[in-house]
Amino acid sequence: MSGKSEAGSVPGDLVQVGYIAGAYGLVGGVRIRPFSTDADALLHAKTWWLDKPGLRDVEVKRARMHSGDVVATLVEITDRDAAEALKGAAVFIPRSQFPQLEDEDEFYWADLIGLEVDNLQGERLGVVHDMMSNGPQSILRIKDPANPESEERLIPFVDQFVIKVDREAKKIVVDWGLDF
């Protein structure tokens, strides 16, 4: 591990893409539970950032999908005990290293978090504070930051409900009523 965590060397665009769920194999492999079903960013980045024991970069030797998780070998992690010690570590990748999306209607979850959500009537529903998956589809998790006591809204991120995503305007328009 190169551990370049001194001031100024940590990328400013780090995005958490998963966490280490445990060791894999006997020679220091790790199993990562990705936040995305395709895990493209994890599979293509040659450097990850881990937050355990402190924020630092690690070089990726090899990463591949296995049963819905990513299994990887990291430079200098050569035994199961060292890999097991990383369990629970958050895995970050700079947004600038994410693979380019091919379709303008595709989005990384990280690009949706923080966008304001309005319905077709122009009513403000809140802001996307997180995303989750229920298997077949992604779900927007929306809260009203002006009203912390308000209930969270869960809106499926599918064409039936999501009318427009405008990243420049930082807004999503949905076909969803205030009373849903």
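## Polar contacts of Asp144

A polar contact is a pair of N or O atoms within 3.5 Å; within protein, one must be able to donate a hydrogen and the other to accept it, and residues adjacent in sequence count only if both atoms are side-chain atoms. In this predicted model, local features need pLDDT of at least 70 and side-chain atom pairs count only at pLDDT 80 or more, while totals for chains, interfaces and linings use all residues. Residues are numbered from 1 along each chain as its sequence is written, and side-chain values use heavy atoms, with hydrogens and water left out.

A polar atom of the Asp144 side chain lies 3.1 Å from the backbone nitrogen of Ala146. The side chains of Asp144 and Arg124 are joined by a polar contact of 3.3 Å.

## Surroundings of Asp144

Asp144 occurs in the loop between strand E9 (138-143) and strand E10 (153-156); strands are DSSP runs of E, at least two residues, numbered from the N terminus. With a relative accessible area of 25%, Asp144 is partly exposed, that is, between buried (under 20%) and exposed (over 50%), for a 1.4 Å probe and protein chains only.

Apart from neighbours within four places in sequence, Asp144 is in contact with Arg124, Gly126 and Ser150, where contact means heavy atoms within 4.5 Å. His129 and Asp144 are 15 residues apart in sequence, and their C-alpha atoms are 9.1 Å apart in space.

Key. Helix = DSSP H or I, 4+ residues; strand = E, 2+ residues; numbered from the N terminus.
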